[in-house]
Structures are given as C-alpha cells and as structure tokens.
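Here's an informal walk through the structure below, written for someone who likes to have numbers next to the picture. Have the viewer open while you read.

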Amino acid sequence: MSRLIVISNRVSVPKAAGAAGAQGGLAVALNSALREHRGIWFGWSGQETEEFTGHLDMQRNNGVTTATIDLEPQDIDEYYNGYANRTLWPLFHYRIDLTEYDRNFGEGYERVNARFADSVLPLIEPDDLVWVHDYHLLPLGSMLRQKGVKNRIGLFLHTPWPPARLLVSLPFHERLVSSMLEYDVIGFQTAEWLGSFLHYVDKEMGLDVNEDGSIDYNGRRIVARAFPIGVDYKEFVEGGQSEEAKDAYDHLKASVRGRKVLIGVDRLDYSKGLGERFESFNRFLADNPDQAANVVLLQIAPPSRGDVASYQQIREDLERKTGHINGAHADVAFVPIRYVNRGYPRRQLAGFYRAADIGLVTPLRDGMNLVAKEYVAAQDAEDPGVLILSQFAGAALQLTDALQVNPHSIEHVSETIKRALEMPVAERRRRHEKLLASVRDEDVVHWRDEFVKTLFGKQDVEAGETAA
Ligand SMILES: O=P(O)(O)OC[C@H]1O[C@H](O[C@H]2O[C@H](CO)[C@@H](O)[C@H](O)[C@H]2O)[C@H](O)[C@@H](O)[C@@H]1O
Ligand SMILES: O=c1ccn([C@@H]2O[C@H](COP(=O)(O)OP(=O)(O)O)[C@@H](O)[C@H]2O)c(=O)[nH]1
C-alpha cells in the first residue's frame, strides 16, 4: 500500500507552533489528512539557522510523522517573505499594485525549492504518493523529476489562480507554469481558478486541453481538477461540545449583555477585506442609530507575515480605522468594535462562532475560506446565526445559501447586516440546513480522498484504500 508524502512550506509541529501560520487553514486540513494516512509531512520548521545543513528533524505527534528543516535568514527573506508573499501571494489575489518583482526573490525561491527537493529525496520510497501544497513550492515537482523521482506527484493550490492577463505580468511566467506540468495531478479550490489555469495553458502555451480538463504534454497526461477543501467536520463538532467551547460561549454572551454579535475571524491579511468590513459596519451604525447600541463586532485578527511591509501597513490602517469608528460610536459603557490581535484555539473559536448572530466573512479574494464553513458547523440548528459571505471567496461556490455580498460595496454589506439581523428564524433555519449539508458532506475527508484517489491514478478505488 502506498504511503503519502505531504510537502508544504510550513509544517505544524509543536516546535513551529508559535509561528503565525500554524493557525492557517492549510495546517488544519493537512493535520487531519495525515492522521488517516501512513506517511510523512515534510517542510520548513518555521525556524531559522545560521547556515543551512539539510538536517531533518523527525517527530511523531498525535499520529502524524513530521520531518522539518530550518532555513537561513536569506532564504526566509527571499523565498518566504519575498517571492512567496511579496510576489506570488498578491498576484494570485489580484493585487498587482502590491506585487513586487525582484530578481533576488526569484533566485531565492528556486534555491529553497532545490533545498526542499534535496532534503525530501531520501524520504521518498518507490511506491509513495507525493502531494505538494501551495504557491511556495510550484517548481518542486519538476526539481524532483530532475533528481529521478518517478512516483506520482500531485500539487494542490490553496489560493486563487489569477486570470491569464494578470499572470503574464510576472517575469518568467512561462517557466513557472511549464515546471508545473511535471505534476501528474494539479488541484485547485474551485472551477473558477481551474478555468483561469486552463485558459493560460491553452492561450499562452498553445497546449491542447482535453474535454475532461486533462492536458497532454511531453508524452504524459496531466489531470487538472477542482477539489474544494472542507473542514474536519467531525472533529470540529466534537470540539464544539468541549468545556473550552462552552466557556468561550458563556464568556462572550455574558460580556455583550444582550447585544447582537457579529464575528469575523481572519489572519491579518489585506486579502481578507478587513478595512472594507469595518467601513461597512461603520455605515450600518451611522444608518441605523436605533440599532447602534444593540450590536457588537468581534474581530479576531492574529497578526500574519509581519516582516512584509504591506502587512505592517494593513495593521496600521486597521488600528486607525478601529480607533476612529469606536471614537465616533462608543459611549461610557460600550465600544462597537472589539478588535483582537491574537489567535485562539479552534475549540474556543467554536464557542465564539455559536454565540454570534452573524458570521461576517468578506474577503476581497480568498482561495476557499474555512472560517465560513466553521461558522456554519458551529451553529445551533434550532436558532442558527446568519452567514454573510463574500462572493469572491472560493467557499461562495458551495455556500450558495449564505447572504452573498460584494465586499467592495459598503452600502450592500451594511444593508445585508440589517437584513441578517431582522431575518426570521424560519428563514435562518432553512438556509442553515442547506449550508450545513454542504459543510458536512464536502468535508476535509472528502477532499483528501478525492485528491488521493485521483493521484493514485485509479479513480475507482475505495476511499482510504491507499492507507496502510
Ligand atoms: O503560513 P502563513 O504564511 O502564515 O499563511 C497561512 C496559510 O494561508 C493560506 O491559506 C489558504 O489555505 C486555506 C485552506 O485551503 C484556504 O481556505 C485559504 O483561502 C487560503 O488562503 C496559504 O495558502 C497557506 O499556504 C498558508 O499556510
Ligand atoms: O485565532 C485563530 C484564527 C484562525 N484559526 C484557524 O485558521 C484557519 C483559517 O483558515 P482560512 O481558510 O479561513 O484562511 P487562511 O488563514 O488559511 O487564509 C481556520 O481553520 C481557523 O479556525 C485559528 O485556529 N485561530
């Protein structure tokens, strides 16, 4: 039986747990996937070392074996803070105004991908399935091929894929995309990102895309498909029944003293649309003075990628905006926005979500957005809250019974907040029932099984058959 070798930029091991990214959706999903499959999760520890040695730190925690390497400061600067988070991330989130093109970033990106390839090579056995994750590691598959790896190798991209007209602004874009064609399977979150990728392959590379979305290239067939990621539904619901979740629920409820709660939970990232969200809430308060003292926005926003200037900027902007809105609408016993720059364990989040009347998930662009799905999973089916969801989150394609909004339209979001607060319980239940079915049925187990089956190359094998 095949083992699974999962490779991602960051690995969520205790040693790296202090790192900001350990709370991202990718870490949550891969921990769940690996608990079910015999195999290894390989990547960067999140730590730096003076000189790269390639030393592998192997650990086993909660049923998951991890192998991590430390990186040099220059690697972290050029590969992670540089090419990954100052070039590809903004470009893939349609922000070419923030996209920086620096030759050193590109060189650092290739160097670290080569270091990943050299370090993981000894761990790969002939029958293993190799599953690479995200924009940090797009050329890794081709580097493994150059080292003679013949195994099935797949890539899953957790972010959006940009339209071809944006992607061509990236120097050496052809080289980057050609390198991706060494994978056997390329997975995207949604049909929209998949369509943009296939359009590029067709129009910019002149390759034939077959009707099923596969691409024939250099005598091999590459499968490109959408595999929308989900939450670990079972674990999340169990966590929601824990003491931590109940305490968090009681604590929040008691502190708002009967006010309605809107909740946002996002890494502090410009793609999450937090500035526009705060402006929309401000508009709601201004347009509905009779409601202003009856609502609270709880925004949990753990800092992320703090070494990158655009992230420092968004943090400053939000601090200013929060101060301004609170100054304008607060009274001696009440502030409308509770803006919290720290992360919480997911069991506590489950309690906060359940206590909130509205889940406000309004990214300007997001690969999927697991918070939207967690909010739905956490609700009381008899008296559920309302999900307000950006039409630009990958999750919008599945969660069609949410109140979908254009996050750029302050008026639209403000009016939708009003509509959600006034929504009768029958409509809330009806919408929640449909949302819950999608979140429950298209969970992380479904996502993992679909991808692994496709990577295994036998789409008719039963789920889990590749596990030991
Ligand atoms: O490791 P960081 O740089 O701190 O970033 C955290 C993660 O952010 C991104 O998450 C994406 O994956 C989610 C799960 O598929 C998806 O729901 C979300 O829309 C994406 O933004 C990033 O893609 C990950 O690599 C990072 O680990
Ligand atoms: O304080 C926090 C904030 C976020 N998260 C988790 O981080 C993930 C965020 O994933 P999402 O897909 O929404 O966005 P990403 O950060 O990956 O872009 C979700 O599972 C959240 O529950 C968390 O555990 N604690």
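Let's start with Leu-397, which sits in the loop linking strand S14 (386-390) to strand S15 (403-405). This is a predicted model, so treat everything here as computed from predicted coordinates. Leu-397 has a relative accessible area of 47%, so it counts as partly exposed. For a sense of scale, take Leu-387: Leu-397 is ten residues away from it in sequence, and the C-alpha to C-alpha distance is 14 Å.

Just before S14 comes another loop residue worth a click. Gly-385 belongs to the loop between H13 and S14, and with 13% relative accessibility it counts as buried. Beyond its neighbours within four places in sequence, Gly-385 is in contact with Ala-356, Asp-357, Tyr-375 and Gln-379. Arg-431 is 46 residues from Gly-385 along the chain, yet their C-alpha atoms are separated by 9.8 Å.

Now zoom out to the domains. The chain splits into domain 1 (4-230 + 445-457) and domain 2 (236-441). Their centres, taken over C-alpha atoms, are separated by 30 Å. Domain 1 puts 26 residues into the contact and domain 2 puts in 25 residues.

So where does ligand 1 lie relative to domain 1 and domain 2? Both domains give residues to the shell around ligand 1, so the ligand lies between them. That shell holds 20 residues, and the closest are Tyr-80, Asp-134, His-158, Arg-305 and Asp-366. By residue type, the shell divides into seven nonpolar, eight polar and five charged residues.

Here are the oxygen contacts of ligand 1, if you want to check them in the viewer.

| Ligand 1 atom | Partner | Distance |
|---|---|---|
| oxygen | Arg-305, side-chain N or O atom | 2.8 Å |
| oxygen | Met-368, polar backbone atom | 2.9 Å |
| oxygen | Asn-369, polar backbone atom | 3.0 Å |

How much of ligand 1 does the protein bury? On its own, ligand 1 exposes 560 Å², and the protein buries 97% of that. The elements that supply two or more residues to the shell around ligand 1 are helix H1 (25-36) and helix H2 (73-92).

Two of the contact residues in the table also have backbone angles to look at. As background, most residues other than glycine have a negative phi. Arg-305 has a positive phi, near 50 degrees, and is not a glycine. Asn-369, also not a glycine, has a positive phi of about 95 degrees.

Both of these residues are in loops. Arg-305 has its place in the loop between strand S11 (295-300) and helix H11 (309-329), while Asn-369 is in the loop between strand S13 (358-361) and helix H13 (370-378). Are they buried or exposed? Arg-305 has a relative accessible area of 12%, and buried means under 20%, so Arg-305 is buried. Asn-369, at 7% relative accessibility, counts as buried as well.

From Arg-305 you can step to Asn-85 in helix H2. Asn-85 has a relative accessible area of 0%, so it is buried. Leaving aside neighbours within four places in sequence, Asn-85 is in contact with Tyr-80, Pro-90, Tyr-135, Tyr-270, Arg-305, Val-308 and Tyr-311. Of these, Tyr-80 and Arg-305 are also among the closest residues to ligand 1. Which side chain does the side chain of Asn-85 join in a polar contact of 3.0 Å? The partner is Tyr-135.

The last stop is Arg-277, found in helix H10 (residues 274-287). With a relative accessible area of 2%, Arg-277 is buried. Its side chain makes a polar contact of 2.7 Å with the side chain of Thr-362. Apart from neighbours within four places in sequence, the residues in contact with Arg-277 include Gly-264, Val-265, Asp-266, Lys-272 and Gln-299. Leu-360, Val-361, Thr-362 and Pro-363 are in contact with Arg-277 too.

Key
Residues numbered from 1 in each chain as written. Chains lettered and ligands numbered in written order. Predicted model: local features only at pLDDT ≥ 70, side-chain atom pairs only at ≥ 80, totals over all residues. Heavy atoms only, no water. Helix = DSSP H or I, 4+ residues; strand = E, 2+ residues; numbered from the N terminus. Buried < 20%, exposed > 50% of the residue type's maximum accessible area, 1.4 Å probe, protein only. Near = heavy atom within 4 Å. Polar contact = N/O pair within 3.5 Å; in protein donor to acceptor, adjacent residues only side chain to side chain. Areas by Shrake-Rupley, 256 points an atom, 1.4 Å probe, with all protein chains shown as cover. Nonpolar A, V, L, I, M, F, W, Y, C, P; charged D, E, K, R; others polar. Domains from an automatic or database assignment. Contact = heavy atoms within 4.5 Å.
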